[in-house]
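Q: Could you take a close look at one helix in this model for me, and then walk me through how the rest of the chain is put together around the other helices?
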Amino acid sequence: MSTTGTRHEAPAVRCLPTDQPRGCNRAAFLQRNSDPGVLGQGMMLSAGNGVPSFTPRVVLELASDTKEEAITWLLSRIRDTQYNGGTELLVEQLGPGADAQEKENPNMFLVGATWQRLLSGAEDLGLFKEFNDGSMRAFTCANKYNFKDFKGDGDSFLSTAECQYIIKHELDTLRAKDETHVPGLSRVKLYPGKSVIRRLLSKGILIQVFPLHEKEELKRLSFAWYKKVKLSFQPLEDIRHYYGEGQALYFGFLEYFTFALVPMALIGVPYYLFDWEDYDKYVIFASFNLVWCTVILELWKRCSSSLAYRWGTLSRKKAFEEPRPGFHGVLGFNPVTGRQEPLYPNAKRQLRVYLVSLPFVLLCLYLSLYVMMIYFLMEGWALSVHDAEPTFWTGILCFIPSVLYAVVIEIMNLIYRYAAEFLTEWENHRLESSYQNHLVLKVLVFNFFNCFASLFYIAFVMQDMVLLRQSLATLLITSQILNQLMEAFLPYWLQRRRNKKMVRKIHKGKTLEDQELPLANQVRLEADMSTYLGTFDDYLELFLLFGYVSLFSCVYPLAAVLVVLNNITEVYSDAFKMCRVFKRPFSDPAANIGVWQLAFEAMSVIAVVTNCSLIGMSPQVKAYFPDSDMQLILWTVAIEHGLLAFKFILTFLIPDVPKHIQINLSRLEFESREALKKKKILEASEVTKAAQ
């Protein structure tokens, strides 16, 4: 079965190169020069009714007021051969949709590529594919027939996600040559060797670049993923095939985390039912917590390594990272690349981080602490009212401060997120990875303090386990309800309103799901959909849920049960919004969950300290030290240090990569070295023969 879905193509549009490209394009070059039907450079062919003669994969939307001279220049650069510094991609302007209106943006373009171009791009990117011997190897055109799934011309060899990622990569690497500015737009300066697409994005000339959904493939994925409720594993291979490895790893981690919570939930239910008021026995549950939070993270690293190896991203070399589109600075020379590009002093960036961003974060933490103290005042007032006149309504009143505080926490987290994004953007980080690391750190620190400070205060200052249990339950339930509303139902409702407006213009009375829209209308509908902002918020939610379970579930054993139920609904809501609410994101060839692995491991270290402290505070343990609180503290600290040492030893004892994968990777490295040796010997012998 082909993985590329429905095609709209007649024979693909080919641009005539002036010189022979390198690598995989040699065969295509010979074929083009022997084909009497080849079109000249810059010409396009349509297969009637405005349908492109190639498979459209990516959409470029330029601002509606972009000058024709600039558009012509950009399209010619995209169509130009690699030898001349172009991308050798196919591009065609999107025609008007049904019942076209004047407000429709005419500057929308469909981008595709010939299969030969995609295969050469796969080689340039170093995509790993399965070899005939079952190993994962970097794809090369010279050995293409030795790869397992390569048949015929290879038109089912690459997934749609991989094809779109290749096209995006080629567009991103389209570089300015000797132009000083965009033709027709003198204000948009260009720097030799810098990415043209990134420059246009940063200046607002290029509004968006997004991959198109493949309708038939999306229907099959939706049916297997969320349209029928069933107790089974997620279709990770299909998710990876359609959305890429980054998305598949997120859903793989969500699934793994849910199954890892099952033992906690199974222990928690009888524990909750039979020891509701007996807090002495939470020592057992806290001890189980200590082992659980360490073991599941170590096993996940092995699981993610296996997935990444199977998907060919584990040993893939990281590409040279280009500057972010929003990065700006004074024009200078990059000492690494030797190119002329904007430079920004690192000392100036550090001053912004430590003199502005850090004080702002501390101010936000202080405000969060102030709000927490207001919550405790409200809680005390509600309890005093209930103690003075205990009725059903005063009992309800006792829960209102916790619910209000949970809502305020979510609002503060949302406001702070926007402020953190603004500050991190203002810090002017050159690389996207540096930007993401600083943003994650800011958001994690505030969210951790905002969500858990009150629980730590109740547990270790007030030492009120009843209130701790009530607050934890309220925070969990309220935050889960609000997250489901904000993440799935609200975006779906907004998108459904937009969809209905589009569909009414085409066929009144029919829903989008029942209607096959013309290509032009489908593209414009997707262009109007919300942009998927990545897995940041999804991982953040799982991080906070992991914290609730690993830190304080010993006093509220149903926490794991609630998180399991949340994760089950999260799978369906996330799948639903990916397929129906948001634009299709570009593939992210990730090998692991990145900086979030460190975040979860840091939480597990805090969990060891917290659970040891809770054990030390239990009356059952205090009974062994009736005369000396200091001795109890010293024993607690000693045991906590011992457990931390055991945790780090366990980290080294459990290898991150399974043994059989390590052997396969070592074998490939050995074969590569041997092949390099043979190549050098052959070259040396040829030089010797030539000298003789």
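A: Let's go straight to helix H21, residues 659-691, in what is a predicted model. H21 has 33 residues and reaches 48 Å from its first C-alpha to its last, close to the 48 Å expected at 1.5 Å a residue. Ile661, Asn664 and Leu668 of H21 are buried. As for that spacing, an α-helix has 3.6 residues a turn, so residues three or four places apart point the same way.

Now for the chain as a whole. There are 21 helices and ten strands, and 50% of the 692 residues count as buried. If you take contacts between residues at least 6 apart in sequence, 75% of them join residues at least 24 apart.

Helix H15, residues 519-527, is a mostly covered piece: nine of its nine residues are buried. That list includes charged-looking names for your side-chain bookkeeping, among them Arg524 and Glu526, alongside Leu519, Val523 and Leu525.

Next, the helix pairs. Two packed helices are described by the angle between their axes and the distance between the axes. For H12 (residues 400-426) and H13 (residues 432-462), the axes come within 10 Å and cross at roughly 160°. An angle over 145 degrees counts as roughly antiparallel, so H12 is roughly antiparallel to H13. The crossing of H12 past H13 is right-handed. On the H12 side, the contact includes Tyr405, Ile409, Met412, Tyr416 and Arg417; on the H13 side, Tyr435, His438, Lys442, Phe446 and Asn450 are among the residues involved.

H16 (residues 536-552) and H17 (residues 559-580) make another such pair, with axes that come within 10 Å and cross at roughly 170°. H16 and H17 are therefore roughly antiparallel to each other as well. H16 brings Asp538, Glu541, Leu542, Leu545 and Val549 to the contact, while H17 contributes residues including Ala559, Ala560, Val563 and Lys577.

Ala560 also has a partner from far off in the sequence: Val262 is 298 residues away along the chain, yet the two are 7.6 Å apart in space, C-alpha to C-alpha. Val262 sits in helix H8, residues 245-274, and is partly exposed, with a relative accessible area of 33%.

How does this sit with the record? The UniProt annotation "transmembrane region", from an unreviewed entry, covers several spans, including 248-273, 390-418 and 542-565. Residues 390-418 are 86% helix and 0% strand in the model, with end C-alpha atoms 43 Å apart. Residues 542-565 come out at 75% helix and 0% strand, and there the end C-alpha atoms are 13 Å apart.

Finally, a couple of backbone oddities to check. Most residues other than glycine have a negative phi, and most peptide bonds are trans. Glu88 has a positive phi near 60°. Glu88 is placed in the loop between helix H2 (68-79) and strand E2 (90-93), and it is buried, with a relative accessible area of 9%. Gln463 likewise has a positive phi, of about 50°, although it is not a glycine. Its place is the loop between H13 and helix H14 (465-506), and at 44% relative accessibility Gln463 counts as partly exposed.

Conventions:
Residues numbered from 1 in each chain as written. Predicted model: local features only at pLDDT ≥ 70, side-chain atom pairs only at ≥ 80, totals over all residues. Heavy atoms only, no water. Helix = DSSP H or I, 4+ residues; strand = E, 2+ residues; numbered from the N terminus. Expected span 1.5 Å × (residues − 1). Buried < 20%, exposed > 50% of the residue type's maximum accessible area, 1.4 Å probe, protein only. UniProt positions renumbered as here; feature names shortened; annotations may be inferred. Axes fitted to C-alpha atoms, helices over the stretch in contact; angles between N-to-C directions. Parallel < 35°, antiparallel > 145°, perpendicular 65-115°, else oblique. Left-handed = near helix turned anticlockwise from the far one by under 90°. Contact = heavy atoms within 4.5 Å.
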